[in-house]
Amino acid sequence: MMRKTVRYRRSEVTTAYMCLLPSLILLLIFTIVPLLFSIWFSMFDVKEYLGNTFVGLKNYADVLFGMQSSEFFRSLLVGLKYVFWIVPIQLVLSFLIANLIMGVHKNFSSIIRVSIYLPCLFSGIVVGSIFAYVYNYHGGLLNGILKILGFHAINWTGEKGWAMVAVCIAVIWNGLGYNTLVMLGGLYDIPQNYYEAAKLDGANWWKQTFYITIPLLKNIGVYLIISLVASSFQLYEIPLVLVGAGAEHSLEGPIYYLYYQFQHSDNMGTVYAASLLVAVILTSLSSVFFRLIRSEKSAE
């Protein structure tokens, strides 16, 4: 009997590994191998016609402390600005809209869910092109509305302050539907008898939200925060289409910096080093959120 059980378990493990094998192969080819190559070439002075010269950690030092270090740190600061503005607004709006959908009739809520998800189907290039027309200084939709209301036209993509607002609005519009549906799924998983019991105790909507809804949405919130931080920090397509190098280079995030260095740097080793530093920063931010959640759960 024991032998049959052991054989059965071995066959289960073998089947599981066979199912995982295609994904593991793809992970190896498209993630692990390129990562190892990046680490290797980041330690070389890589020049197209002069060959490769081993320089150790010099490329990392050049990125962090060299002549181009100010541009690298400026791109990181821009990425953090995107995170600071986009993440909380996305979370609050998706939470509020998901609650509104919960209170709508089922047939009408399905129409709202489809409508709100449609912008997520557009790529960053398409979203940038749409909002380039909306923000156009001469004859754009938004400036046309402002003129009708008696206000002056605004150079949305040319002025430093307004350009950040313009990009954030476009990014939020693009991703709001997905985040709302994820939040809505979390709301549907909360048992309704919790709210019924709270109503019997005299709890209003605010108390129900702070003592029932938000605590039970913690895992959904962590997932959305981590994904939003990563995507906001890596914004590239929408700022590139909307602003490009305009607005005094104030919207060039880390990925835009890497793209520019890839096009113009005479040493590709520094580009590899910079990309790995950006990856380490993103991994560190994600690990911080995971540690905070683990510490809270252990305290509970």
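Helices H3 and H7 lie oblique to each other, because they pack at an angle of about 45°, which is neither under 35 degrees nor in the range 65 to 115. That is a good place to start a walk through this model, which is a predicted one.

**Three helix pairs**

Two packed helices are described by the angle between their axes and the distance between the axes. Here are those two values for three pairs that involve H3.

| Helix pair | Axis distance | Angle |
|---|---|---|
| H3 and H7 | 7 Å | about 45° |
| H2 and H3 | within 5 Å | roughly 70° |
| H3 and H12 | within 7 Å | roughly 145° |

Let's take the pairs in turn. H7 covers residues 160-188, and H3 passes H7 in a right-handed crossing. Sorted by class, the residues in this contact are 21 nonpolar, six polar and one charged.

Next come H2, with residues 58-65, and H3, with residues 69-102, whose axes cross at roughly 70°. This makes H2 roughly perpendicular to H3. On the H2 side, the contact is formed by Asp62, Val63, Leu64 and Phe65, and on the H3 side by Ser69, Phe72 and Phe73. Five of the residues in the contact of H2 with H3 are nonpolar, one is polar and one is charged.

The third pair joins H3 to H12, which spans residues 254-264. From H3, Glu71, Phe72, Ser75, Leu76 and Gly79 take part, and they meet Pro254, Tyr257 and Gln261 of H12. The class count for the contact of H3 with H12 is four nonpolar, three polar and one charged residues. You may have spotted Phe72 twice: this residue is part of the contact with H2 and also of the contact with H12.

**One face of H2**

Which residues of H2 are buried? They are Asn59, Tyr60 and Val63. Looking down the axis of H2, you would see these buried residues fall within an arc of 100°, so they line one face of the helix. A general rule is handy here: an α-helix has 3.6 residues a turn, so residues three or four places apart point the same way.

**Three residues up close**

Val63 sits in H2. Its relative accessibility is 3%, so Val63 counts as buried, the cut-off being under 20%. Setting aside neighbours within four places in sequence, Val63 touches Ser69, Phe72, Thr270, Ala273, Ala274 and Leu277. Thr270 deserves a second look: 207 residues separate Val63 and Thr270 along the chain, yet their C-alpha atoms are 6.5 Å apart.

Ala170 belongs to H7. With 0% relative accessibility, Ala170 counts as buried too. Again leaving out neighbours within four places in sequence, Ala170 is in contact with Val127, Phe131, Tyr135, Ile238 and Leu242. How far apart in space are Ala170 and Ser231? The distance is 14 Å from C-alpha to C-alpha, while in sequence the two are 61 residues apart.

Thr209 is found in H9, which runs over residues 205-216. Thr209 is buried, with a relative accessible area of 5%. Beyond neighbours within four places in sequence, the contacts of Thr209 are Phe95, Ile214 and Pro215.

**Looking back**

If you would like to trace this in the structure, try following H3 from its oblique packing with H7 to its roughly perpendicular partner H2. Then look for Val63, a buried residue that contacts both Ser69 and Thr270.

Definitions and conventions: Residues are numbered from 1 along each chain as its sequence is written. This is a predicted model: local features need pLDDT of at least 70, side-chain atom pairs count only at pLDDT 80 or more; totals for chains, interfaces and linings use all residues. Side-chain values use heavy atoms; hydrogens and water are left out. Axes are lines fitted to C-alpha atoms, for helices over the stretch in contact, and angles run from 0 to 180 degrees between N-to-C directions. Helices (H or I, at least four residues) and strands (E, at least two) are DSSP runs, numbered from the N terminus. Angles under 35 degrees count as roughly parallel, over 145 as roughly antiparallel, 65 to 115 as roughly perpendicular and the rest as oblique. Contact means heavy atoms within 4.5 Å. Ala, Val, Leu, Ile, Met, Phe, Trp, Tyr, Cys and Pro count as nonpolar, Asp, Glu, Lys and Arg as charged, and the others, Gly among them, as polar. Buried means under 20% relative accessible area, exposed over 50%, partly exposed in between (1.4 Å probe, protein chains only). The arc is that of the directions from the helix axis to the C-beta atoms. A crossing is left-handed if the near helix is turned anticlockwise from the far one by less than a right angle, and right-handed if clockwise.
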